[in-house]
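Have your viewer ready and your selection tool at hand. Each stop below suggests what to pick next and says what is there.

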Amino acid sequence: MADIELPKQKKVGHLTLLRESRSITAKEFNLLSPEERMEIIRRAQGGQKYKLLFEARDPKAIVRKLPIQDVYMLIRERGLDESTELVELVSSRQLTAFFDLDCWEGDQIKADAALSWLAVILDTDNEQQVLRTALGLDLHLLVLILKKFVTVTQGLEAFEDDDAMQEAIFRDGGYELDFADSESAKIVGLFLDIIRRLQPEFYPRLMEAVRWESESVLEEETYQSRCRRLQDLGIPDAFESLGIYAYQAPETFAIQAEETKEIRVAEEGVVPPSFVMTAATPGALLAEILAAGLDDASCWEMTYLVNKVMSADRIDMGEPSQVKTAMERVF
C-alpha cells in the first residue's frame, strides 16, 4: 500500500482550513472528497502518484481528469512496459496525444516508437479496449503507422465470384498482407486481426486506405494535424516557439495597465497540470510566491510558458531530467 500523507490544508470554498498532517490508510483516503483525493494524487510524483491512482476506488475517472502531459510524463518515467494498467485507463484523446508526443522526430514518424505503443495496448489483453483504441485514434495517424509495417498486395477485386469473396472475408478479411518483418508482424497482425473480427465493417475501409494512400502525402497531412492537436494542448510548433528568445529592447518594454487576457484552458474538465510545480524546485522570491499556491489560470499560464521553452529547445517532454532542466531555466 502507498504511504498516503494527509495535507496540512483543506480548501472549503474560498477558505483554507489548517489541520494536522498525518499518514492515512487507503480506506481513509477513499473516504475523502473526490476533490481532496484528486489534489493528493495531482501533487504526488513518479511511483507515488502511480500507486495512489490504483489505491483510489475510481482510477479510470481520476486518470481521465488528469492533464495529458501529467499522465504522459508518468508513463514515460515509469516505462511503457511497466505502464500497461495505466494505459488501459486512458481516453482515446489522451492516447492520441501520447502518439503525438512520443512518436515523431521532426516531421517524420518514428515507426519503432509507434510499434511499442501498439504492443502495450495489446498487452492489456482486452480486445474491446484494443478496438476502442483503433477506432479512437486519428484515422490518418493509424493508417500511417500501419503503412510502415504492412503492404496490402491483394484486395477484394481479386475474387471472381461472390461466394469465394465471402469465404475469404470470413477467413482472413479478404486482403492479402505482406509484413515488413516477423517481429512487427506479430504485433501488427494481432492488432489487425482484432479489428477484422470485432469491426468487420471498418476493416475493409482501413485496408483500402493502407493500400492506396500515398505515404509521403499522408505523413505530411498527419504531421500538420498533429501540430494542430498539440497547439490545442498549449504545445506550440518548435519553429514558432523560437520567438521566446527574440531580443526585446528594455526601453520598449512596458507593463500594461489594462487587464490581462483570460487564459484559455487547454483541456476542459481536467485539473491544472502539476508537473510545473513538482518537476523542479524554484528558489528565492519565486519560491515564496509559488509556495502560496497558484490559481488554475496561473498554473495553465506557467505550463504554456514551460511548453514553449521545451518546444523551442527540442526537449523530450517524456524525459524527467530534460523537463527538470528546462523548468529550472524558466524559473
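## First stop: Pro236 and its surroundings

Start by selecting Pro236, which touches Gln231, Ser241, Asn307, Lys308 and Ser311 once residues up to four places away in sequence are set aside. You are looking at a predicted model, so please read every value on this tour as a computed one. Pro236 sits in the loop between helix H14 (215–232) and H15. Is Pro236 buried or exposed? With a relative accessible area of 10%, Pro236 is buried. Now add Ala312 to the selection: Pro236 and Ala312 are 76 residues apart in sequence, yet their C-alpha atoms are 8.6 Å apart in space.

## Along helix H18

Next, pick Val309, a residue of helix H18. From C-alpha to C-alpha, Val309 and Pro236 are 9.5 Å apart, with their positions 73 residues apart in sequence. Val309 is buried, at a relative accessible area of 8%. Leaving out residues up to four places away in sequence, Val309 touches Ile244, Tyr245, Arg329 and Val330.

Two of those partners, Arg329 and Val330, belong to H19, so show that helix too. Which residues meet where H18 and H19 come together? On the H18 side they are Leu305, Val306, Val309 and Met310, and on the H19 side Val323, Ala326, Met327, Arg329 and Val330. The two helices pack at an angle of about 115°, and their axes are 10 Å apart. The crossing of H18 and H19 is right-handed.

Between helix H18 (296–312) and helix H19 (320–330) runs a loop that holds Arg314. Check the backbone there: phi of Arg314 is near 55°, a positive value in a residue other than glycine. Arg314 is exposed, with a relative accessible area of 63%.

## A nonpolar patch on the surface

Switch to a surface view and select Phe239, Leu242, Ile244, Tyr245 and Leu305, which make a nonpolar surface patch of about 490 Å². Ile244 and Tyr245 were also on the list of residues touched by Val309, while Leu305 is one of the H18 residues that meet H19. Phe239 is in helix H15 (residues 238–241), and its relative accessible area of 68% makes Phe239 exposed.

## A second positive phi

For another backbone check, go to Asp125, in the loop between helix H8 (111–123) and helix H9 (127–136). Its phi is near 55°, again positive in a residue that is not glycine. For context, most residues other than glycine have a negative phi. Asp125 counts as exposed, at 72% relative accessibility.

## Salt bridges

Now colour the charged side chains. How many salt bridges does the structure hold? There are 16, and these are some to visit.

- Asp58 and Arg37: their closest N and O atoms are 2.9 Å apart in this salt bridge. The pair links distant parts of the chain, 21 residues apart, with Asp58 in the loop between helix H3 (46–55) and helix H4 (59–63) and Arg37 in helix H2 (residues 34–43). Asp58 is partly exposed at 26% relative accessibility, whereas Arg37 is buried at 1%.
- Arg76 and Asp102: here the closest N and O atoms are 2.8 Å apart. Arg76 lies in helix H5 (residues 68–78) and Asp102 in helix H7 (residues 92–102), 26 residues apart. Asp102 counts as buried, at 12% relative accessibility. Widen the selection to Asp316 and Glu319, and you have a network of salt bridges that links them with Arg76 and Asp102.
- Glu127 and Arg197: the closest N and O atoms of this salt bridge are 2.7 Å apart. Glu127 lies in helix H9 and Arg197 in helix H12, so the pair ties together parts that are 70 residues apart in sequence. Glu127 is partly exposed at 32% relative accessibility, and Arg197 is partly exposed at 37%.

## Inside helix H12

Stay with helix H12 (residues 182–198) and select Ser184. At 1% relative accessibility, Ser184 counts as buried. Beyond its neighbours within four places in sequence, Ser184 is in contact with Leu115, Phe149 and Gly189.

## Zoom out

Finally, display the whole protein chain, with its 19 helices and eight strands. Of its 331 residues, 44% count as buried. The chain exposes about 18,100 Å², and carbon and sulfur atoms supply 51% of that area. Among contacts between residues at least 6 apart in sequence, 71% join residues at least 24 apart.

Methods: Residues are numbered from 1 along each chain as its sequence is written. This is a predicted model: local features need pLDDT of at least 70, side-chain atom pairs count only at pLDDT 80 or more; totals for chains, interfaces and linings use all residues. Side-chain values use heavy atoms; hydrogens and water are left out. Patches are made of residues with over 30% relative accessible area and no salt bridge: like charges are joined within 9 Å, nonpolar side chains (Val, Leu, Ile, Met, Phe, Trp, Tyr) within 5 Å. Accessible areas come from the Shrake-Rupley method with a 1.4 Å probe; for residues, only the protein chains shown count as cover. A salt bridge is a side-chain nitrogen of Lys or Arg within 4 Å of a carboxyl oxygen of Asp or Glu. Helices (H or I, at least four residues) and strands (E, at least two) are DSSP runs, numbered from the N terminus. Buried means under 20% relative accessible area, exposed over 50%, partly exposed in between (1.4 Å probe, protein chains only). Contact means heavy atoms within 4.5 Å. Axes are lines fitted to C-alpha atoms, for helices over the stretch in contact, and angles run from 0 to 180 degrees between N-to-C directions. A crossing is left-handed if the near helix is turned anticlockwise from the far one by less than a right angle, and right-handed if clockwise.
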